Amino acid sequence: MTSEYDRLEEYIMGETENKHTETVVDHAMNPRNVGNIQDADGFASVTGPCGDTMEIWLRIRQDRIQEATFWTDGCGTTIAAGSMTTELARDKTAADALRISQQEVLDALGGLPEENRHCALLTVNTLKEAVKDYLKNKREPWKRVYRKH
């Protein structure tokens, strides 16, 4: 016998899958690169106009992003966008990571409904701020000591 909870879960998943691509659902349900990096080379925390906050940590070696991780208090779409953005950033130089666009994230996810496109912009903006943090700390390494994350 199917419980009311099971029917509700099936309905929600059906609605989600109708509005989102398999890639979005996969990255929302099985996000890659979740968590923080101790002593990160770059970090940023950005809150979008919808109220979701995205945090991204970067580990950079030989001027390439070796590791990129994220954390968010946002919805499943924000989780999927954060997961994809960190995947796209890996192995890129700082300059190349700064060129990752909202559209590139949207394309990699297979698109998002209009009402969720801002989630990709939030993740890209956070990535850019984390790269800028890395570049600032590279020029002035003494400032890393005073970071609060």
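## Close-up views of a predicted model

**Figure 1. Strands S1 and S2 pair in the antiparallel sense, joined by six bridges.** Welcome to the first view of this predicted model. One pair to pick out is Ser45, whose bridge partner in S2 is Glu55. Zooming out a little, the open sheet has three strands in the order S1-S2-S3, with antiparallel pairing. S1 (42–47) and S3 are the edge strands, each pairing on one side only. On average, neighbouring strands of this sheet are turned by 15° against each other, direction ignored. As a reminder, strands of a sheet pair through backbone hydrogen bonds, either parallel or antiparallel.

**Figure 2. Helices H3 and H6 both pack on the sheet.** H3 touches S2 and S3, and its direction makes about 170° with that of S3. H6, for its part, touches S1 and S2, and its direction makes about 145° with that of S1. S2 is thus a good strand to follow in this view, with H3 touching S2 and H6 touching S2 as well.

**Figure 3. Helix H3 covers residues 76–89, and its span agrees with expectation.** How far apart are the end C-alpha atoms of H3? They are 20 Å apart, and at 1.5 Å a residue the 14 residues should span 20 Å, so the two values agree. If you follow the chain just past the helix, you will meet Asp91, which takes a positive phi of about 70°.

**Figure 4. H3 is largely enclosed by the rest of the structure, because eleven of its 14 residues are buried.** Buried here means under 20% relative accessible area. The buried residues include Thr77 and Thr78, then the run Ala80, Ala81, Gly82, Ser83, Met84, Thr85 and Thr86, and also Leu88 and Ala89. What do the buried residues of H3 pack against? Their partners are two strands, S2 (53–61) and S3 (64–72), together with the helices H2 (22–29), H5 (102–109) and H6 (117–139).

**Figure 5. Leu98 sits in helix H4, which comprises residues 94–98.** Is Leu98 buried or partly exposed? With a relative accessible area of 27%, Leu98 is partly exposed. Setting aside its neighbours within four places in sequence, Leu98 is in contact with Lys128, Val131 and Leu135. For a backbone reference in this view, try Glu129: the C-alpha atoms of Leu98 and Glu129 are separated by 8.9 Å, although the two residues are 31 residues apart along the chain.

Definitions and conventions: Residues numbered from 1 in each chain as written. Predicted model: local features only at pLDDT ≥ 70, side-chain atom pairs only at ≥ 80, totals over all residues. Heavy atoms only, no water. Helix = DSSP H or I, 4+ residues; strand = E, 2+ residues; numbered from the N terminus. Expected span 1.5 Å × (residues − 1). Buried < 20%, exposed > 50% of the residue type's maximum accessible area, 1.4 Å probe, protein only. Contact = heavy atoms within 4.5 Å. Pairing = 2+ DSSP bridges. Axes fitted to C-alpha atoms, helices over the stretch in contact; angles between N-to-C directions.
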